[in-house]
2 protein chains.
Amino acid sequence: MFQTSNALRRSVHSQVTDRVGSSIVRGEIGVGETLPPEMQICEMMDVSRTVVREAIRTLTGKGLIESRPKSGTRVRPPEQWNQLDPDVLRWHLESAEIDRYLAKLFQLRSAVEPAAAALAATHAAEDDIARIRAGCDGMDAAKTNEDFVAADIAFHQAIYFATRNEFFWPIAQMFEITLRQSFTIAATGSHRPRALIEHRAVLDAIVAGDAEAARAATVVLLAHSAHDLVRIRGREFETTSERPGRKR
Amino acid sequence: MFQTSNALRRSVHSQVTDRVGSSIVRGEIGVGETLPPEMQICEMMDVSRTVVREAIRTLTGKGLIESRPKSGTRVRPPEQWNQLDPDVLRWHLESAEIDRYLAKLFQLRSAVEPAAAALAATHAAEDDIARIRAGCDGMDAAKTNEDFVAADIAFHQAIYFATRNEFFWPIAQMFEITLRQSFTIAATGSHRPRALIEHRAVLDAIVAGDAEAARAATVVLLAHSAHDLVRIRGREFETTSERPGRKR
DNA sequence: TTGTCATAATGTATGACAAATGAAATGCGG
DNA sequence: CCGCATTTCATTTGTCATACATTATGACAA
């Protein structure tokens, strides 16, 4: 049984959270400005104050806003948002500048994933390796493009989990959200074989417990991935070391 | 005017959030188990249901729990927690295994910061550089150890902001929380000169717009930092590439 | 400038009802 | 009597409405 419509059937306060959070991330409210008073939001969205307050609590917890009696609820500077929070991420990716954000997320991934692979090589347990291998095999056996991408995601997530370092895990979460929003990252048939070989190289290095080889193999994998992204979505995804000039 | 006592004067729901969240992170409730019903928590903590519900909303927003009518509120698997959320981080660091967690956070930092410095070299604006330089100067001019550490933190945070990539910022937030919990990371006089030189090296590379130099200088800086940490807090902080054996 | 106070916003408490769901009770056919 | 589907029931979260407490802002006055 599926959830018939996507946004249907969800609780009222999560809908309010979405609307308010999205409009903050979108920049409609502006840093330092105050939201309308709770009662006013109630009227605008035709819900009870309970619901509005719980939505505000959620957003406060994600660092987007802070409220004080009398002075109201203000938008905090984006430096203090939990930018890696799944919801915040989603609100970003719903915006018009999705390609910009995907590129930035890829920058973070490029920074973290080689180190994650290296840590996985030294810290992975047997079942971690089994999950990584399952990802590889899944890519191999995939008939549809959808299956291939799913296995690909599983592979990379498994590497983050294999670090046995929970602070790497939020980066893994990032994938699901990112990929769910933009499905065009899929491997388009032709370079599947190469991708497969490169994934196996990472797996082998991890199995061998060779941290440096795992790091190197991941760097290669990501470089090609970036190249594909440039081809598909534009030059925002160019590698970092190619922009010498100072801005502004 | 300061907040006289640390935990005093805080709102009731944030106190409840702390107590419940802390006990979850501490593992007192166990993954998959259900919390007591809301009304029961009300009685236990002698607060209204409003407060308990808002606390639960906050924790739900951080991915710690999920609730459904009748079945109750369950603890989600730690893979889905927002491990980099400041509160979650704090609850971790309040636990007994603080050194373990500090070591893991340092692993993440080691993965990200070299890349952040490289990005800063190519993307930093003038005011970003000014902030980084201010950090250096602050370390130079520091009389007390406290001032030195504060400037040190400011320096590193400025580098993350200079990436102009908001998804690196949560990592920077990490510092404040980490350092506020354990102040022993301070540079103990003797190796201040070396630290200063290494920080300036990073700054210079960023000013020059040389990404690879910035990355390399940061790697050096972190290596020495890790060495100091091992000396002060124990061998948990050893570099990753030195543990060949497979576990379990 | 300083102190006081009115006021408007969030914070907390309470009680009621709606909705969802897991589990027990029930009914039916075998 | 047993197995299985169905219904009913009870428990827990979800939502609403209202009242009052608390706090900080901004105006006013000394």
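Start with the surface near DNA strand D in this predicted model. By class, nine residues there are charged, eight are polar and six are nonpolar.

Who comes nearest? Of the 23 residues around strand D, the nearest are A:V12, A:H13, B:R49, B:R57 and B:K70. Note the chain letters: A and B are both on that list.

Next, which part of the DNA faces the protein? Take the atoms of strand D within 4 Å of the protein. Sugar or phosphate accounts for 63% of them, and bases for the rest.

Now some phosphate contacts. From chain A, a side-chain N or O atom of A:S48 sits 2.9 Å from a phosphate oxygen of strand D. From chain B, B:R53 also uses its side chain, with an N or O atom 3.1 Å from a phosphate oxygen. B:E38 uses its backbone: an N or O atom there is 3.1 Å from a phosphate oxygen of the strand.

Which elements give two or more residues to this surface? In chain A, they are α1 (12-25) and α3 (49-61). In chain B, they are α3 (49-61), β1 (65-68) and β2 (72-75).

On to the two protein chains. A turn of 180 degrees, with a shift of 0.0 Å along the axis, lays chain B on chain A. The RMSD is 0.0 Å. That is how a two-fold axis relates two copies. Look at B:T58 here: in chain B, its C-alpha is the nearest to the axis, at 2.5 Å.

Last, the interface. Of the interface residues of chain B, 98% are also interface residues in chain A, so the copies meet through the same surface.

Methods. Residues numbered from 1 in each chain as written. Chains lettered and ligands numbered in written order. Predicted model: local features only at pLDDT ≥ 70, side-chain atom pairs only at ≥ 80, totals over all residues. Heavy atoms only, no water. Near = heavy atom within 4 Å. Polar contact = N/O pair within 3.5 Å; in protein donor to acceptor, adjacent residues only side chain to side chain. Helix = DSSP H or I, 4+ residues; strand = E, 2+ residues; numbered from the N terminus. Nonpolar A, V, L, I, M, F, W, Y, C, P; charged D, E, K, R; others polar. Least-squares fit on C-alpha atoms with pLDDT ≥ 70 in both. Contact = heavy atoms within 4.5 Å.
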